[in-house]
Amino acid sequence: MSHPKRYTITAALPYANGPLHIGHMAGVYVPSDIYARFLRRKGQDVAFIGGSDEHGIPITIRAKKEGVTPQDIVDRYHENIKNTLNNFGVTFDIYSRTTSAKHREVAQDFFKTLYDNNKFTEDVTEQFYDEDAHEFLADRYIRGECPKCGNPDAYGDQCEKCGSTLSPEELINPRSALSGNTPIKKETKNWYLPLDQYQDFLSKWILEGHKNDWKSSVYGQVKSWLDDGLKPRAMTRDLNWGIPVPVEGAEGKVMYVWFDAPIGYISFTQEWAEKNGKNWKDYWQNEETKLVHFIGKDNIVFHCIIFPTMMKAHGEYIMPDNVPANEFLNLEDDKISTSRNWAVWAHEYLEDFPGQQDTLRYVLTANMPENKDNNFTWKDFQTKNNSELVGILGNFINRVMVLSHKYYEGIVPEKTIEFEELTEIKYFAKRISAHIEKYEFRAALTEYMNLARLGNQFLQAQEPWKKADDPEAVKGIMYTATQIAASLAQLGEPFIPFASEKMLTMMNLEKMSWDDLESTDDFIPTGHQLGQSELIFAKIEDEAIEAQINKLNESKVKNNMTNPNAAPQKELISFDDFQKMDIRIGTILEAKKVEKADKLFELKVDTGMDVRTIVSGIAEHFTLEEIVGKQAMVLANLAPRKIRGIESNGMLLFADKADGKLTFVNPEEETPNGVQVG
C-alpha cells in the first residue's frame, strides 16, 4: 500500500502476570513507538494501540502460586506495565486491558457473529483432564517432551526451546502442571476455527502477496505452517478465568486466549474512538488503512494465521500490511529468564538510572534483534552511552551552543559560506525515513548518529576558534554547525524523544514536519535566539555498571546457579521412580531424515538387547554423518509412541548447552552396548 490514508499500529499485548523487561522493550515497544512517532511527524493519521492481556494461563498459574485471585494479579501488573511504558515515552493513543467491560462486549460480539454465520465447527473430543485437580487442562497446564527437539519440559501449546507451536496431543509423556500426575482423557465439546478452510486464502495473501516485503523469518515460519497443512484449532476452553463463551451449551467455557487477546486491538480502538470522536471502523475496516502488528517471533503464528483467519471469517476486516516481528534479546550472552530473575526489569532501570530513559532506548535500538537474536551487556550499555551519546552527540550540541553564545550571544549568524555539509543534512532525513518505513530501525539510528559524527568532524576540521581574524568565515562555519545541531534536535525524536525535546527547548525551536526536514536546509533562521546549553546526557560511571552486574550475580547465587541459563529443577521424584528408568549405553547404527520434518532423524540404535527404531529431534544439532557410530545413553523402557507415523521405541539423552546446542552424553571410552547406567 503506497499511500494509505491512515495507520493502525498494534503492539503485542503483554501478559499482566509480571513486569516488563528489556527483551519486551527491544522486541516490541521501542520499535513500535519509533514507527508511530515517525508517522505522526509525517502528518499521518495514526492509531497506536496497546493494552494488557489479562486472560492468559500464565496469570492463573501465578495467582495459584501466590494464593490470590487472577484479578489481583492483573490489577497489580496492568498498572505497573502501563506506567513503565508511559515513563519510557511509548506514545500509545490508548493502553487498555482485556478485563474491561468494553472488551468483553466486543469479544463476545465477535464470537457470536462467527457462531451465527456458521464459521465454527463443533466437536466433542477427548481432552486432558486432571483427576486430582478436577479440571480440564489448558495447553499451558500440560507439560511433556517436545516431539520436534526432545525438550523434556515443553508446554502443551509451544516449545520454548525450539519455538515450535504444538498441541497437547503431540507431547511425549504429558503430565499435569497442577499435580504432576499423568492426565486422563475426558470428553468435552468445544468450538473450532477451521483453519484448513482458509489455507488457500492465507497462501495467496502471504506466500504470493508478501514474499518480498515481509521479514524472511516471518515469511519462513508462516510458510512452514502452511506447507505442513493447517488444521482446525479450538477457540474455546474449559476454564473459569476468561471471557465466557456467549452461546447456548457453552456454560463453564471461556474463549481461548488467542481468540480473545487480538480482539483487544479492536476493542481498545473502539474505546479510544468513542473518547476522541473518531470512527473506529476507519481503522479496521477500510482498505485505505495500513495495519501493522509489532510482535515478538513467538507470536507470529497467532498474528499471521489465526487472527487473520478470524478477521476473514468475520468478513469486514482488513488484513495486516506487515508483521515485522523481532527475534529475541539475550542478556549477558544468556537467554532472559523471568523465573530465575535473569533479566533487566524496565521499571527497576528507571529507578536506578533516573532521567536516562533515552540511553536505554538508544542502546536497545542499536542492538535491536531485527533479523536474529541479539545481546545486551552492561559494559556495552556504558560504552554506547559514554562514547556515543555523551562523546559524539552531546559533545557536538554542547560545543555549538557554547561557541554560539561565546561569539554571538546565542544569536544564529548569517550564512556567509556555502559548505557542502549544509546540503547533506536533508539527505540524512531521507535516509532515516527510508529505513524506518522498511522497519530497519537499527540502520535508521545509525544514519542519525552519522549526522552527529558529521557535525563533530565539520567543527574539528574547520576550527572556528582558530579563525578570529576571519569573522566572515567563522559566521559561515557556525551557521552550518547550528543547522546540523538543529536538525539533530528535530530528527532525534523517534529514537531519543526526551533528549530531542530538551535540545529543541534549548534552541527555542518548535517541531518541524518530517517532510520539511527532508526538503529544507534551513532548520534554524539567521537571527534566531538560542537558549542556554544544558547537559543532555550524563556519563555513566563504572560503579553504576558494577552494581547492575552484581545484581545479576545475586540472581545466580539466589538460584544456586553456576549457569544462569540452566533450566529450573523439576519436581522431586522418589528413588523407586528412578529405579524404574532403564538407561543403557547404545550405539547409533543408521540415521536418516524423517520426511517433511526438518528437525527429526529416524535412527537405528543397538541397545545390546535389540536393534530398535528411535525418532529424535536432533537434526538441527548434528549431521547424519557425525552421529552414525556414536555411543549415547538410551532411555530404553520409554513407552512406544508414533511420531510422524514412525513408532519410536526409546529416547536418546543429550545435554543442552548454554548456546542452545545439544551435545552427546556418552562414556569416555567405548562401552559394550546394553550396559546399564545408574
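In this predicted model, strand β6, which covers residues 142-145, pairs with β8 in the antiparallel sense over 3 bridges. One of these contacts can be located at the residue level, since the bridge partner of R143 in β8 is R175. The pairing belongs to an open sheet of 3 strands, whose order is β7-β6-β8 and whose pairing is antiparallel. The edge strands of this sheet are β7, at residues 154-155, and β8, at residues 172-176, each of which pairs on one side only.

The same part of the chain carries an annotation from a sequence record. Under the heading "binding site", an unreviewed UniProt entry lists C146, C149, C159 and C162. These four positions are spread over 17 residues of sequence, yet they cluster in space, with a largest C-alpha distance of 8.8 Å. Where does C159 lie, relative to the strands of the sheet? C159 is found in the loop between β7 and β8, and it counts as buried because its relative accessibility is 0%, where the limit for that class is under 20%.

To place these elements in the whole chain, it helps to turn to the domain assignment. The protein chain is divided into domain 1 (6-119 + 194-326), domain 2 (121-192), domain 3 (391-529) and domain 4 (576-677), so that domain 1 is written as two segments and domain 2 as one segment numbered between them. The C-alpha centres of domain 1 and domain 4 lie 40 Å apart.

A second annotation concerns an earlier stretch of sequence. An unreviewed UniProt entry places the short sequence motif "'HIGH' region" at residues 14-24. Over residues 14-24 the chain is 27% helix and 0% strand, and the C-alpha atoms at the two ends are 8 Å apart. Strand β2, by contrast, runs over residues 45-52 and includes V46. V46 is classed as buried because its relative accessible area is 8%, which falls under the 20% limit. V46 and T289 are separated by 243 residues in sequence, but their C-alpha atoms are 9.7 Å apart in space.

Which domains contribute at least three residues each to the lining of the second largest pocket? They are domain 1 (6-119 + 194-326) and domain 3 (391-529). About 310 Å³ of space lies in this pocket, and of the 14 residues that line it, the closest to its centre are D213, N322, E437, K438 and Y439. By residue class, the lining of the second largest pocket divides into 8 charged, 4 nonpolar and 2 polar residues.

The last region to follow is a run of three strands, β16, β17 and β18. Strand β16, at residues 583-593, and strand β17, at residues 601-606, run antiparallel and are joined by 6 bridges; within this pair, I588 stands opposite V605 in β17. On to the next strand, β17 is also joined by 6 bridges to β18, at residues 611-616, again in the antiparallel sense, and here the bridge partner of E602 is V615 in β18. How many residues lie between β17 and β18 in the hairpin that they form? There are 4 residues between these strands, and in the turn G608 has a positive phi of about 90°.

Conventions:
Residues are numbered from 1 along each chain as its sequence is written. This is a predicted model: local features need pLDDT of at least 70, side-chain atom pairs count only at pLDDT 80 or more; totals for chains, interfaces and linings use all residues. Side-chain values use heavy atoms; hydrogens and water are left out. Two strands pair if DSSP finds at least two bridges between them. UniProt positions are given in the numbering used here, feature names are shortened, and annotations may be inferred rather than shown by experiment. On a 1 Å grid over the protein atoms alone, a cavity is a set of points where a 1.4 Å probe fits but cannot get out, and a pocket is an open set with protein on both sides within 12 Å along at least five of seven lines; lining residues have an atom within 4 Å of a point. Grid points are joined across faces, edges and corners, and a volume is the space filled by probe spheres set on the points. Ala, Val, Leu, Ile, Met, Phe, Trp, Tyr, Cys and Pro count as nonpolar, Asp, Glu, Lys and Arg as charged, and the others, Gly among them, as polar. Domain bounds come from an automatic or database domain assignment. Buried means under 20% relative accessible area, exposed over 50%, partly exposed in between (1.4 Å probe, protein chains only).
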